[in-house]
Structure formats: C-alpha cells, structure tokens
Amino acid sequence: MSRLKMLRKYINENVISAMPEEDRIGAVNHLYGVSLAATILAKRRGLDPEIAAMAGMLHDISAYKTGSYDEHAEKGAEMAREVLQELELTTDEETEIICSAIRHHDDKYATDGPMDELLKDADVIHHTMNDTSKAIKEKEQARYDKICEELGLK
C-alpha cells in the first residue's frame, strides 16, 4: 500500500469516522479536494506530488478532530507530526516540509516556502472552485487570481 493510501486510511478511520455524521461529507470533500489540487500544483511546479497530497490530507486535521478552527494551522502541524511519526510514513525532512506547510496554510497574505505556498494555493483552489456560486474571500482573491493566471484559466 502506498504511503498516501495508508495516510488516507488513517484519516478516514481516525478523523472522519469520529466526526458528527452531518460534517463527514464536507470533510471528505475538502480533504480529498485539497489533496488532489496539491498533487496537480506539485506536478506543475516541480515539487513532490506525494508529499503535497499528504499535506493536503492533513492540513485541517486539528479543525476536524476538535471541531474548532482556533489556531487550527499551528495545532494541526503538531497533530500531523504525531500522525506521521506514529505511522512512520515520512523521513524527518519530509515531515518538516509537511508540517511547515500545514502551519502556514491559513495565512493567505504571507509568502513562505514552496510547499507552504502550494498548500495555501491548493486550499484556495478548493475553497473557490468547489462552489463557484460563492463569493471569493478577500484574503484569497489575490491568490485565486495568480492561480488562474498560472493555470491559464479565465
């Protein structure tokens, strides 16, 4: 079984299944959507698609496990580290890359490292393109515009 499949199995069994039933579909949709967007962006930008997909699967782990978005990026980075160490899925360097991306993913105004930026952009892709009838959040508009330009979208 691939590392990504092992991580997805863990997320499904230990995070999503523990959520209230009415929240599960949205969580699956968002985590898998961000993971897919991260994979596509990683291939485009020459970054590791598997590491990007894993970051996408873990990026909101704190919010989904606790039901709160308070400091969810910082708390999520630590939860992700614990999961990755428990499952022994990544090297120390890969764990640092994933956890940094998760830690920084909520600050859409800041510019951070390449994988951090990729995860922010994957999150924006899902937020803006999953339901195009919703208005784009102010904090995501500039990123959305840059992503559309990068991908040749109008």
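In this predicted model, Glu-78 is partly exposed, because its relative accessible area is 33%, a value that lies between the 20% below which a residue is called buried and the 50% above which a residue is called exposed. Glu-78 forms a salt bridge with Arg-81, and the closest N and O atoms of this pair are 3.7 Å apart. Both residues belong to helix 5, where they are 3 residues apart, or about one turn of the helix. Arg-81, for its part, counts as buried, with a relative accessibility of 14%.

**Salt bridges between helices**

The pair in helix 5 can be set beside two salt bridges made by Asp-121; a search of the whole structure finds 16 salt bridges. The table lists these three pairs with their closest N and O atoms.

| Acidic residue | Basic residue | Closest N and O atoms |
|---|---|---|
| Glu-78 | Arg-81 | 3.7 Å |
| Asp-121 | Arg-45 | 2.7 Å |
| Asp-121 | Arg-143 | 2.7 Å |

In the salt bridge between Asp-121 and Arg-45, the closest N and O atoms are 2.7 Å apart. Asp-121 lies in helix 7 and Arg-45 in helix 2, which covers residues 21-45, so this pair ties together parts that are 76 residues apart in sequence. Asp-121 is buried, with a relative accessible area of 7%, whereas Arg-45 is partly exposed, with a relative accessible area of 27%.

Asp-121 also forms a salt bridge with Arg-143, with the closest N and O atoms again placed 2.7 Å apart. This pair links distant parts of the chain, since Asp-121 sits in helix 7 and Arg-143 in helix 8, with their positions 22 residues apart in the sequence. Both Asp-121 and Arg-143 are buried. Through salt bridges that share partners, Arg-44, Arg-45, Asp-112, Glu-117, Lys-120, Asp-121, Arg-143 and Glu-150 are joined into one network.

**Helix 8 and its surroundings**

Arg-143 is one of the buried residues of helix 8, which are Glu-140, Arg-143, Tyr-144, Ile-147 and Cys-148. Helix 7 is included in what covers these buried residues. The 14 residues of helix 8 should span 20 Å at 1.5 Å a residue, and the end C-alpha atoms are 21 Å apart, which agrees with that expectation. After helix 8 comes Gly-152, whose phi is positive, near 70°.

Which charged residue of helix 8 is buried yet has no salt bridge? That residue is Glu-140, for which the nearest side chain of opposite charge, Lys-108, is 4.3 Å away; the distance falls outside the 4 Å within which a side-chain nitrogen and a carboxyl oxygen are counted as a salt bridge. Glu-140 has its place in helix 8, residues 138-151, and, not counting residues up to four places away in sequence, touches Lys-108, Val-124, His-127 and Thr-128.

Lys-139 also lies in helix 8, but counts as partly exposed, at 28% relative accessibility. When neighbours within four places in sequence are left aside, Lys-139 is in contact with Asp-106, Lys-108 and Tyr-109. Lys-139 and Asp-48 are 91 residues apart in sequence, and their C-alpha atoms are 26 Å apart in space.

At the surface, Met-129, Leu-151 and Leu-153 make a nonpolar patch of about 220 Å². Met-129 has its place in helix 7, residues 114-129, and counts as partly exposed, at 35% relative accessibility.

**Helix 5 and the loop before it**

Is His-72 of helix 5 buried or exposed? His-72 is found in helix 5 and counts as buried, at 4% relative accessibility. Leaving aside neighbours within four places in sequence, the contacts of His-72 are His-59, Asp-60, Ser-62, Ala-63, His-105 and Asp-106. Asp-106 is thus in contact with His-72 and is also in contact with Lys-139.

Asp-70 lies in the loop between helix 4 (61-66) and helix 5 (72-87). Asp-70 is exposed, because its relative accessible area of 54% is over the 50% that the term requires. The C-alpha atoms of Asp-70 and Ala-27 are separated by 17 Å, while the two residues are 43 residues apart along the chain.

Terms used:
Residues numbered from 1 in each chain as written. Predicted model: local features only at pLDDT ≥ 70, side-chain atom pairs only at ≥ 80, totals over all residues. Heavy atoms only, no water. Helix = DSSP H or I, 4+ residues; strand = E, 2+ residues; numbered from the N terminus. Buried < 20%, exposed > 50% of the residue type's maximum accessible area, 1.4 Å probe, protein only. Lys, Arg positive; Asp, Glu negative; His and termini not counted. Contact = heavy atoms within 4.5 Å. Patch = residues over 30% accessible without salt bridge, like charges linked within 9 Å, V, L, I, M, F, W, Y side chains within 5 Å. Areas by Shrake-Rupley, 256 points an atom, 1.4 Å probe, with all protein chains shown as cover. Expected span 1.5 Å × (residues − 1).
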